[in-house]
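These are my notebook entries on a two-chain structure. I looked up contacts, packing and backbone geometry in turn.

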Amino acid sequence: MDKSATRSVYFFLAPALSAIFIFFFIPVIAAFIISFTDFDIYALGDYSTVRFIWFTNYIELFNDPLFWTALRNTFYFVLVSAPLSIMVSLGAAILLNSKLIKFKAIFRLSYFIPVVTTLVAVAIVWRFIYHPKFGIMNYFLSWFNINPVDWLGDPVWAMPAIILMSVWKNFGYNMIIFLAGLQNISEELYEAAELEGASSWQKFKSITLPMLAPTTAFVSIITMIGFFQFFAEPYIMTQGGPLNSTLSIVQYMYHEGFKWWNMGYSASIAFVLFLIIIIGTLIQFKLQKSH
Amino acid sequence: MIIKLFKYVAASILLYLIFLSGCTNKENNITTIKFWAMGSEAEAVIKLIPEFEKQNPDIKVEVQQMPWTAAQEKLITAVASDNTPDLCQLGNTWIPQFTALNAIIPLHNLVSKSLSVKEENYFEGIWETNVIDDKVYGIPWYIDTRLMFCRMDVFKKVGYNEPPESWEELLDLSRKIKALHPDEEKYAIYLPTNEWASFVIFGLQTGVELLKEHNTLGNFSSNGFTEAFSYLTDYHKENLAPIGISQVTNVYQAFADEYFCIYISGPWNIPEFKKWMKGSLSDSWMTAPLPGYKNEYPGVSLAGGSSLVVFNNSEYKEEAWRLIEFLSQPSSQVEFYKLLNDLPAIKEAWKDPILKDDPYMKAFYEQFFHVVATPKVPEWEQIAFSKVQQYAELAARDVMSVEEALRKLDHDVDKILEKRRWLVSHKNE
């Protein structure tokens, strides 16, 4: 590439790069520095009260029972709902891809509607569904003689309730991506397998799944990252309760940072979450490669 | 090459900054002041502004509305970016935070010169919430407190013609109400564990200081607070109060259904209760001052409400003060009550028939003479909302004993106050 070409490349890249630099790199670096200080409401009033405290925030974090509760809840949420959501969306995609189904567009649309609906509105409706006295959920359960469950009020059931809701809310998006992946699989493979007398399970195991591997990798990483940051569901439905059983790590970070203005502490939570997500992504890359 | 890249980046940054810098407006003779108010208060105060602008033709008021839920964030962000209004409405428990931020100015000089705003016009406990280190930082605008909403018809059924006046009476009454329907899912009193207010109120009633040593250490495991805390959690343990919060999606409906018969809450509920308690129920409820500890009656409650504050950065402090004086006139205060049901801060305004003849207001008037402030430290909101609430729930659900909960509460509070201890010891050096 000659000199003038490079120059024009930089010229056209500059706006995007500077936007990223100002609105991404500077805040991230600032947050990283802040995470080593006790920046709080006093510091906002008078910068001279900021103390550089090295790793104290991180050490305190590891001794903070609420942080571990939030972390455990987040892992619980991710480890249960991410696989569940992927399985449901794969199942729905396969069903929708089947030649036997009519009115595909309607099904595709109705499965996708929850994704585009505002989470706040959805969460409020689900709060009614879960209402212990008037909710439709307990009404269904009563047909099977199951005693009413206080879904959002019981520390044991609150998280499953939120998981169920968020799987329902999110599976449509992954389903569309899986559907695209399925439509990319050449029909000839299935025809060849049929000639050899393969059963549908064998076809699924030996053709569909391997051919979908790149899609699955993408979907699982995106889902994992998204679910690690889950916030709005408990924020609206339970405010983290009961007994902090639905407090997520992002919610805890938000509380510390924007409710109590412990910016230093909050920034350290953000970087711990960042580390966890990176590790999670690396593990998934490794798993995909070894396959 | 990299240097070149940086040059372009730097040039673009400059361009952005030029875009971002706004331009300032100046109008001749007329001063525009910016007034930020919250939610429905903003909507209502806009209706009072024309009268003010008529009386003060040289001032124009720009009211900006903030939702209550985002107000604190927005204000602190405004302080951090030097973008504050001239004056603003502030929940009176937020005043310590904004003084810590050096964002608002002390008003005692303006008050001493003022003909209309005088300390003795206000309820003592309310005024006191605005005073930090002997300086007043906010002028009460409207006020609230918490007291008892009572189902008097049920009280009478169990032999109480008057609302309970002491802790013992309240407990006795609650047991009798519960005994009316021992097997049904009905309760005597609603003490939600996700609201810190009741726990703090009953603690304050024993006369104990919630924080000690210049508000730098928690004092929750003191005898007084322990007594109050176990008194309240016993209501949950004895099944006199519902323990979850999600059963009660609509307190008014629940109150009308006798799901509970006593509710400790504030004046903002009056219009809703009037709406829900219809027909034969309309005479069945009443407000009453809080019962007291030992022989005190009424027991103290929280001094709540909103104050008006003037920001440090304002160029038009005098003009802002004139608006505060206008809004503090008894006539504006009564007008404001009519628009919004926000209770007037000026005692004089309570003589207006609209308040004097309202039977539900009597108890509030009485209660306002018995209100106290929560500890005036910036950390108080965090202590109350995250910690008191958390341990109240744990103790009420019997996950841990009251003593253990309060010991841990003190431990957490001490940690939150670490910076404050450092600042206080630093100042003394």
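The entries below follow the order in which I looked things up.

**Entry 1. Model and chain contact**

I noted at the outset that this is a predicted model. I then looked up how chain B meets chain A, and found 29 residues of chain B in contact with 29 residues of chain A. On the side of chain B that touches chain A, the elements giving two or more residues are α1 (2–20), α3 (68–80), α4 (95–100), α17 (380–396) and α19 (418–428) of chain B. The largest share of that side, seven residues, comes from α1(B). By residue class, I recorded 14 nonpolar, ten polar and five charged residues on the side of chain B that touches chain A.

**Entry 2. Nonpolar cores**

I next asked which residues have the most contacts inside the largest nonpolar core. That core has 133 residues, and the ones with the most contacts inside it are Leu87(B), Ile126(B), Ile189(B), Phe260(B), Val309(B), Val310(B) and Leu323(B). The element that gives the most to this core is α17(B), with eight residues. I followed up Val309(B): leaving aside neighbours within four places in sequence, Val309(B) is in contact with Leu87(B), Cys88(B), Leu90(B), Phe98(B), Ile104(B), Tyr137(B) and Gly138(B). There is also a second, separate core of 44 residues, which includes Phe77(A), Met165(A), Leu212(A) and Ile269(A).

**Entry 3. Helices α10 and α18 of chain B**

Two packed helices are described by the angle between their axes and the distance between the axes. I looked up both values for helix α10 (residues 223–237) and helix α18 (residues 402–416) of chain B: the angle is about 125 degrees and the axes are 10 Å apart. I therefore entered α10(B) as oblique to α18(B). The crossing of α10(B) past α18(B) is right-handed. From α10(B), the contact is made by Phe225(B), Thr226(B), Phe229(B), Ser230(B) and Thr233(B); from α18(B), by Val402(B), Glu403(B) and Leu406(B). I sorted the residues of the contact of α10(B) with α18(B) into four nonpolar, three polar and one charged.

**Entry 4. Helices α5 and α8 of chain A**

I then turned to helix α5 (residues 104–116) of chain A and α8(A), whose axes come within 7 Å and cross at roughly 120 degrees. On that angle, α5(A) is oblique to α8(A). The crossing of α5(A) past α8(A) is left-handed. The residues that meet are Tyr111(A), Phe112(A), Pro114(A) and Val115(A) in α5(A), and Trp168(A), Lys169(A), Asn170(A), Gly172(A), Tyr173(A), Met175(A) and Ile176(A) in α8(A). The residues of the contact of α5(A) with α8(A) divide into eight nonpolar, two polar and one charged.

**Entry 5. Two residues of helix α8 of chain A**

I checked Tyr173(A), which is found in helix α8 of chain A. Is Tyr173(A) buried or exposed? I entered Tyr173(A) as buried, because 20 C-beta neighbours lie inside 10 Å. Tyr173(A) and Gly135(A) are 38 residues apart along the chain, and their C-alpha atoms are separated by 27 Å.

I also checked Leu182(A), which lies in helix α8 (residues 158–183) of chain A. Leu182(A) has 18 C-beta neighbours inside 10 Å and so counts as partly exposed. Not counting residues up to four places away in sequence, Leu182(A) touches Ala93(A), Ile94(A) and Asn97(A). Of these, I looked up Ile94(A): Leu182(A) and Ile94(A) are 88 residues apart in sequence, and 7.6 Å apart from C-alpha to C-alpha.

**Entry 6. Backbone exceptions**

Most residues other than glycine have a negative phi, and most peptide bonds are trans. I looked for departures from both habits.

- Asn145(A) has a positive phi near 60 degrees. Asn145(A) is placed in the loop between α7 and α8 of chain A, just after α7(A). With 6 other C-beta atoms within 10 Å, Asn145(A) is exposed. The preceding helix, α7 (residues 136–143) of chain A, is hardly covered, with zero buried residues among its eight.
- Asp82(B) has a positive phi of about 55 degrees. Asp82(B) lies in the loop between α3 and β3 (87–91) of chain B, and counts as exposed, with 9 C-beta neighbours inside 10 Å.
- Tyr297(B) and Pro298(B) are joined by a cis peptide bond, with omega about -5 degrees. Pro298(B) is in the loop between β12 (285–288) and β13 (301–302) of chain B.

Definitions and conventions
Residues numbered from 1 in each chain as written. Chains lettered and ligands numbered in written order. Predicted model: local features only at pLDDT ≥ 70, side-chain atom pairs only at ≥ 80, totals over all residues. Contact = placed C-beta atoms within 7 Å. Helix = DSSP H or I, 4+ residues; strand = E, 2+ residues; numbered from the N terminus. Nonpolar A, V, L, I, M, F, W, Y, C, P; charged D, E, K, R; others polar. Buried ≥ 20, exposed ≤ 12 C-beta atoms within 10 Å, placed from the backbone. Axes fitted to C-alpha atoms, helices over the stretch in contact; angles between N-to-C directions. Parallel < 35°, antiparallel > 145°, perpendicular 65-115°, else oblique. Left-handed = near helix turned anticlockwise from the far one by under 90°. Core = buried A, V, L, I, M, F, W, Y, C linked by C-beta atoms within 7 Å.
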